[in-house]
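Reader: Could you take me slowly through the sheet of this protein chain, and then through one helix beside it? I am in my first year, so please explain each term when you use it.

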Amino acid sequence: MQKIKYKAKEWDYSFKSMTWWNRDKVKNAKVMVVGCGALGNEVIKNLVLMNVSNIVIVDFDEIEYSNLSRSILFDHSHVTNSSRKVDAVKHKVEQINPTVTVEALHADVCHGVGLSYFEEVDVIISCLDNRQARLFLNRYAFQFSTPWIDGAIENVSGTVKIYRKGENCYECNLTDIERQEIKAKLACADVAAQYESHGSIPTTSISASIIGAIQVQEALKIIHGYEDELMTQSLYYEGFHNLYLNYTETMTNPDCHCQMEDIHLLRTELSHKATIESLFEEMHKSLEESDPIIMLRSPLILKVQTMNQDKTAEISIPKYKLKDYFDEDLMILNQVDRIDHSFSDKTLTLEDIGIASNDIIKYISKEGTMKFLKLKLNS
Ligand SMILES: [Zn+2]
């Protein structure tokens, strides 16, 4: 009998015979990838090929020539045009698999990504190269009980670690020296809290392929709900001597911040484009909050001075954005980390004071308890 040839036109047709595969779970999953360097390229490539249909990508860098040798989603035209990594990745991914939706956030994960993203995604895959960003990611992910998978590469080696609330915590496993280094960088007296620059770690696309592939395999287990099959130990891979080592981190300590209780989200129809004044009015009307105190994720800088003290300026710029406005280092003379009714310029928008699109505002209510207000999405 002659075989009838079936022309499969479904992207994931060949996956159907894999017993562990669930098409609907993968198609409906939402994954955030933080960092679009060598590792991020490999992770995103794998997610797209596996047909994970909703991907949020976060990065604030532009593409440089040195990125090309280890980033499959970048090409020479991106270097010529100084393309942003997130834009290039989104464009390329949509060419490869048009059924995938990519939301590109050109932002710093420490301050510029709305907290709703951390709440809404099923899993976060970290492709970062610095500790400060991982620390922020760890805190935000645990705030919303979202698991995150960390990957790191250097030369021909790499690590993969899974962090889940109550199971394992990045911050609890930092050494004293690492803590001091982070503290010193975050407390930097000059302009913004600048963290270590990208692109300086010598590595290869091969290390990125191996580590990125394991990260995505673990992410697929989380998406499918195969919790028992997840890596229970961290993995260290060394390619020169072909070593694979599993090791256990110290998990969480008793006073770990990640033991925080699950939060209840309040909602508003306001977006980050609303003014401070309208937020206070809305909170008074809908939530009966007469005197809330808005907690800022990044301090708002109100007055700066040049290092030689010959000029001062009154401004309203979130600390993490100062570097976008000023080329020189500045002394900060006045800053606030919370906003209440006494704040002088309530015509500023929430965006002006550092609240991002799709953000969740943390505030202290009249009873003195911490509450969370989710802004209108995708505005
Ligand atoms: Zn902890």
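**The sheet and helix H2**

Author: The strands to begin with are the eight that form an open sheet, in which the order is E3-E2-E1-E4-E5-E6-E7-E8 and the pairing is mixed. Strands pair if DSSP finds at least two bridges between them, and the elements are DSSP runs numbered from the N terminus (helices H or I, at least four residues; strands E, at least two). At the edges of the sheet are strand E3 (101–106) and strand E8 (243–247), each of which pairs on one side only. From one strand to the next, the twist averages 15 degrees.

This is a predicted model, in which local features need pLDDT of at least 70 and side-chain atom pairs count only at pLDDT 80 or more, while totals for chains, interfaces and linings use all residues. Residues are numbered from 1 along each chain as its sequence is written.

At the E8 edge, strand E7 (residues 234–238) and E8 pair in the antiparallel sense over five bridges, and if you look for Tyr237 you will find that its bridge partner in E8 is Tyr244.

Helix H8 packs on the sheet, where it touches E1, E4, E5, strand E6 (157–163) and E7, and its direction makes about 175 degrees with that of E5. Helix H4, for its part, lies across E2 and E3 and runs at about 170 degrees to E3. Angles run from 0 to 180 degrees between N-to-C directions, with axes fitted to C-alpha atoms, for helices over the stretch in contact.

Now turn to helix H2 (residues 38–49), whose 12 residues should span 16 Å at 1.5 Å a residue, and whose end C-alpha atoms, 17 Å apart, agree with this; the expected span is 1.5 Å times one less than the number of residues. H2 is mostly covered, with 11 of its 12 residues buried (buried: 20 or more other C-beta atoms within 10 Å; exposed: 12 or fewer; partly exposed: in between; C-beta atoms placed from the backbone). Among these buried residues are Leu39, Val43, Ile44, Leu47 and Val48, but also Asn41, Glu42, Lys45 and Asn46.

What do the buried residues of H2 pack against? Their neighbours include four strands of the sheet, namely E1 (30–34), E2 (54–59), E4 (123–126) and E5 (148–154), together with helices H4 (85–96) and H8 (205–224), where contact needs C-beta atoms, placed from the backbone, within 7 Å. After H2 comes Asn51, which has a positive phi, near 70 degrees.

Terms used:
Contact = placed C-beta atoms within 7 Å.
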